[in-house]
Amino acid sequence: MYKGTTFTRFLIAEQRKFPGATGEFTSLLTELATAAKIIAHEVNRAGLGNILGAAGRTNVQGEQVQKLDEFANETIIRMVDHTGHLAGMVSEEMEDIFHIQEHHLRGKYLLLFDPLDGSSNIDVSVGVGTIFGIHRKITPGEDATPEDFLQKGRAQLCAGYLLYGSSTMLVYTAGQGVHGFTLDPNVGEFLLSHEQMTIMKRGKTFSVNDGRYFLWDHPIRHYIDDLRGKEGGSPYSSRYIGSLVADFHRNLLKGGIYLYPGDRESPSGKLRLLYEANPLAFIVEQAGGRASSGTEAILDIQPITLHQRTPLFIGSEEDVRMVEAYIKEGGKR
Ligand code: AHG
Ligand code: MN
Ligand code: MN
């Protein structure tokens, strides 16, 4: 499709490839894109309004909630709760399942999302994002149950992210490749800019919070030492923004690996399986890359709780396989 095609037009064309598709998906994603425009607007002018800083409470993960976390969460809910396409939602900022109110129609899809990823970066004008995944409801009845949300990532129908960076981008997959759209701020539309995105089989960049080096197990330290060229060879470059979406997006375009391993303080790492790791894992696999917990593909993990964490190694396939090999060997080298 030509560059500059609107997101909506692209979705309609994709929808036609599925005989019997009702357009519900297109409508849901269009509403999400509208929510993203509102969030992008607020993020871009964050220093001007009274919306910077902490909201004065901690979330279910015990982390400081920023005002923009709440704003993004509420904006997304407000844009999609009445569409009649959803049975429920799970968000990083809500402890329990969000059930669609009685007075709205309920639908067959479930939305899982991280409303604002990297939110501690807002105060310093660094890129942040939104991550989302969509599942089909699997239990009978209208209301969503925990079982519905605890499906493996492999069952996702669609996943995407928004990057509020030097430009605002929407990247998504519905299982037919990965496509990227850039918000034209004058037109107010997401326009096709990156069709059929693929990731290099091997990159030259690693992204990790290096400050945790001495908390890591030996295989991870060993792996990073080797990327730095300890055993010779030209070293990888280190690039770490501290916003998963931004780090992932760069590596998707340029190749490389993002890792947030488990460590002595946080054995399961930091990132959440359902609405951070799973959507990005679906995208990276569709782009020809790999996402792993270190021992298995992220998309094959059976979730047990809504907000569970997982170690994450994601990016170029050969890079991810390499760190998996170090972990398997257990630092014997
Ligand atoms: P969130 O803002 O949604 O809580 O996510 C923050 C995450 C992720 O975006 C980032 O990659 C990671 O936290 C950074 O963690 P460190 O500060 O430990 O590097
Ligand atoms: Mn996040
Ligand atoms: Mn968040």
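This tour goes from the whole chain to the surroundings of ligand 1, in a model that is predicted.

Begin with the whole chain in cartoon view, where eight helices and 15 strands can be traced. Turned along its principal axes, the C-alpha trace spans about 60 × 45 × 45 Å. The radius of gyration is 19 Å, which agrees with the value near 20 Å that a compact globule of 333 residues would have. If you colour by accessibility, buried residues should account for 57% of the 333 residues in the chain.

Next, select ligand 1 together with the residues around it, of which there are 18, the closest being Asp117, Gly118, Tyr240, Tyr258 and Tyr260. Colouring this shell by residue class separates six nonpolar, five polar and seven charged residues.

Now show the side chains of Tyr240 and Tyr258 as sticks, and keep the backbone of Gly118 visible. A polar side-chain atom of Tyr240 lies 2.5 Å from an oxygen atom of ligand 1, while an N or O atom in the side chain of Tyr258 is 2.7 Å from an oxygen atom of the ligand. At Gly118 the partner is a polar backbone atom, which is 2.8 Å from an oxygen atom of ligand 1. With a surface switched on, you can see how the protein covers 85% of the 470 Å² of accessible area that ligand 1 has on its own.

Then highlight strand S5 (109-117) and strand S13 (257-260), the elements that give two or more residues to the shell; S5 supplies the largest share, three residues.

Finally, colour domain 1 (7-194) and domain 2 (205-327) separately, and note that the shell around ligand 1 draws at least three residues from each of them.

Terms used
Residues numbered from 1 in each chain as written. Chains lettered and ligands numbered in written order. Predicted model: local features only at pLDDT ≥ 70, side-chain atom pairs only at ≥ 80, totals over all residues. Heavy atoms only, no water. Near = heavy atom within 4 Å. Polar contact = N/O pair within 3.5 Å; in protein donor to acceptor, adjacent residues only side chain to side chain. Areas by Shrake-Rupley, 256 points an atom, 1.4 Å probe, with all protein chains shown as cover. Helix = DSSP H or I, 4+ residues; strand = E, 2+ residues; numbered from the N terminus. Nonpolar A, V, L, I, M, F, W, Y, C, P; charged D, E, K, R; others polar. Domains from an automatic or database assignment. Rg over C-alpha atoms; globule rule 2.2 N^0.38 Å. Buried < 20%, exposed > 50% of the residue type's maximum accessible area, 1.4 Å probe, protein only.
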